[in-house]
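The following exchange concerns the enclosed spaces inside a protein model. Please consult the sequence and structure shown here before reading on.

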Amino acid sequence: MKLRTFQFRLTAAVSVSTLVLVLACGKNFLDKKPLGAFSPDQLYNAAGVSGLLVGAYHMVSGEGGVTSGNNYASGASNWAFGSVAGGDSYKGSTPSDQGDVVFIETWAYNANNPYFNFKWQALYDGAQRANDVIRTMAKVTDLDDASKKIMLAEAYFLRAHFHFEAKKMWNNVPFVDETITYVANNTNVPNIDASGNYVDIWPKIEADFQKAVNDLPEKQPQVGRANKSAAIAYLGKVYLYEHKYALAKAQFDKIIPAPYGSGNGQTNYGLPYHLVNFEDNFNAATDNSAESIFAYQSVVNDGSGTNGNYGDVLGFPNSAGPGGCCGFNNPSISLANSYKTGADGLPMLDTYNSGPTVSDPATPYTGTLDPRIDLTMGRPGIPFFDWGPTPTNTWVRDPGSNGYFSPKKNVYAKSQQGVLSSTETSFWGPTQLDANNVNLIRFADVLLWAAECEIELNNSDRALALVNFVRNRAADPSGWVYKGSDYDAGAGKYKVQVAPADNYLIKPYPAGAFADKTYALKAIRFERKLELAMEGTRFFDLARWDNGTGTVMAPELNAFATAERQRPTIFAINTSATFTPKKNEYFPIPQQQIDIENAFGTVNLKQNQGY
C-alpha cells in the first residue's frame, strides 16, 4: 500500500525551486539568475538541501517545472511519445484537440512541435535540480557524512534518470553536470565535440548510476526514495539500451530473488521483489508493492491541486464514466488484437492482425484471449472495475478516429472516487487526477529485460523460464476480470470468480520453445508488448531493438499503419502516414532550444539526422 511519509509534492518543489533555485531556467533550460527571497546561504543546511532533493524528486513527475509548469506533454508516463507514437494507442479525443499529438501519432513530427520542447524543459529542469543538491551539499555543515553520502547518491540517481529519459527521446543530447552554472556563463552545453561529431553521454549516465549503486542503502526510511536495488536495476537498463547484454545480465542477476533467481533485490522498505496481482501495479490502494522498483509517487487531496498523475489527466474515458473527460490515449485496435491466443494458449505472433478484430461492432473476433487485455483497456460490454460494463462508443470521444477502447491502467475504481481521486478545485478537471503511481520500473520489466539478455547470450532455457514467470502470473484466474461480480478495489480483484468476462486462454511456452533464437526474440519482444502495454514503453523498445538499422521499427510501425487504415482510426483519415527509417526512431531536438544555444553564431546544439 502507499505510505504517506514521503511525497514528491508540487508545493515543496515550488517553494524550493521557484524561490531559491540556485540554477533554474531563463531563456533556455539552464540559464536563469537566482530567484526569490532566499539567498543560497540559507540552503547550506540539512533542511535546505533536503528541500532541494524533494524538489528534484518531484520533477520525476515531469510536472511543476519553473519553465514548463504543468503540461500534458512532459508527464512521467510518456503516453504521447511511448504509447501513441509506438502503436499502443491513438491520440484520442478529436483530431483537432491537442492537435500537436497527431503529428507524433503519425510520425510527421518536426522540431517546432511544442510537445518536444515541454519534455526537454522538464527533463533538464530535473537534472539541474539534482545538480543543485550536489553543489549545495558541499557547503552543508549540519549533516553527518553518512547522510550526505546517501543524499548525494539519490541526486546522482535522479540526474542519471533525467538524462536517460532525454537520451532515449533524442539520442544526441548534452549532459549537464554540477559545473554548469549561470555564474560560470557555460549554460550553452553542446551535444557535439570540437569536430562537430555528436557526443555520447552513455558513459556519464553509467557513472552516475554506479555512484548511486555504490552509496545508496538497501532500505530507505520513506517510500518513493531510490535504494540500491533500484539503482542496480536502472544501471542494468542502461547497459541493455547499449546492447551490453553480459553487463546488463550481471546487474539483473544481482536483484532477481528466489523463486525467480538467486539475487537479493528488494524494495526500499525491505520486501523481496515479487510478481504481485497484476492489477496491484495500477491501483492507488495497492501500489508500492513488492513489484515496484521505482515509481513517481502520486498523491491527491493534499492541498496542492496537482500532485497526482497530472501527466495522464487527458487519458480518461470520455463522458459520464470515471473522470468525465477527455477521451485521450485510446488503446489501438492492433493492440487489442495482440491479445488473441491460439489453441495452445500462446500469442499469434505473426497473424494477430488477421481476420476479425477484437470487439468489432459488426463481426467481432470470437476466439480466445490473453486475460491481460481486460486489465489493460476498457472494452465494450466488459466490466470496468465497479463502474459497470464499458459502454459502446460513449466513452470514446470520436469513434470515427479512435476505435472502441478506453485506457484503464491509470484510472481509479468508482468506490475510490473522492478518496484516491482528486476533489480539489484548483485544477480544471479534478476527477481526472488520481493517486495512481506512475511505474517507471517494475519487477516484470526486469524479468523480461533479463530474458532478452539470456537469449542474446544463448541461454535459451533461462530466457524461457523468465518469460514464463510473467505468463504464469497472467494465467492465474484470481486476477482476471469477471462478469456478474462486485469489484473489490482494495484487493484489486472481483469478489465472485465464476464467469470470466471473455474466453480467456493463456499458457506458458513449452519446454524447448526458445531453442530457435529468432523465434525466442520475437516471443520475448511480444511479451513485453502484452505485459507493458499502455505504459509508455513500446516506441522506445522498438527503437532499442532497431539500433539504428532501420530493420525493426519501420517494418513494425508501417505494418501497424497499413492495418489501421482499414479501421475507424486516424490512419484511415491520414492514409499517407509513414514511419521513416533511420530518422523517426528518435524525435527532433526542439528548435527553440537549438535557436537559444546557437544564438551567437556557434553551433552548440546540432539537430538529429533527417530533421
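Q: What volume does the largest cavity have?
A: The model is a predicted one. The structure holds 10 cavities of 30 Å³ or more. For the largest cavity, the volume is about 280 Å³.

Q: Which residues lie nearest the centre of the largest cavity?
A: The lining of the largest cavity is made up of 22 residues. Helix H3 (79–84) and strand S8 (438–442) each contribute at least two residues to that lining. Nearest the centre lie Ser77, Asp312, Asn410, Met534 and Glu535.

Q: How many residues in the lining of the largest cavity are polar?
A: The lining of the largest cavity can be divided by class. Its nonpolar residues number 6 and its charged residues 4. The polar residues number 12.

Q: Which residues are the closest to the centre of the second largest cavity?
A: The second largest cavity contains about 230 Å³ of space. It is lined by 22 residues. The closest to its centre are Lys168, Lys237, Leu440, Glu535 and Thr537.

Q: Which element gives the most to the lining of the second largest cavity?
A: Two or more lining residues come from each of helix H6 (145–170), helix H8 (228–241), S8, helix H13 (443–456) and helix H16 (538–546). The element that gives the most supplies 4 residues. That element is S8.

Q: How many charged residues are in the lining of the second largest cavity?
A: By class, this lining includes 8 nonpolar residues and 6 polar residues. The charged residues in the lining of the second largest cavity number 8.

How values were computed. Residues are numbered from 1 along each chain as its sequence is written. This is a predicted model: local features need pLDDT of at least 70, side-chain atom pairs count only at pLDDT 80 or more; totals for chains, interfaces and linings use all residues. Side-chain values use heavy atoms; hydrogens and water are left out. On a 1 Å grid over the protein atoms alone, a cavity is a set of points where a 1.4 Å probe fits but cannot get out, and a pocket is an open set with protein on both sides within 12 Å along at least five of seven lines; lining residues have an atom within 4 Å of a point. Grid points are joined across faces, edges and corners, and a volume is the space filled by probe spheres set on the points. Ala, Val, Leu, Ile, Met, Phe, Trp, Tyr, Cys and Pro count as nonpolar, Asp, Glu, Lys and Arg as charged, and the others, Gly among them, as polar.
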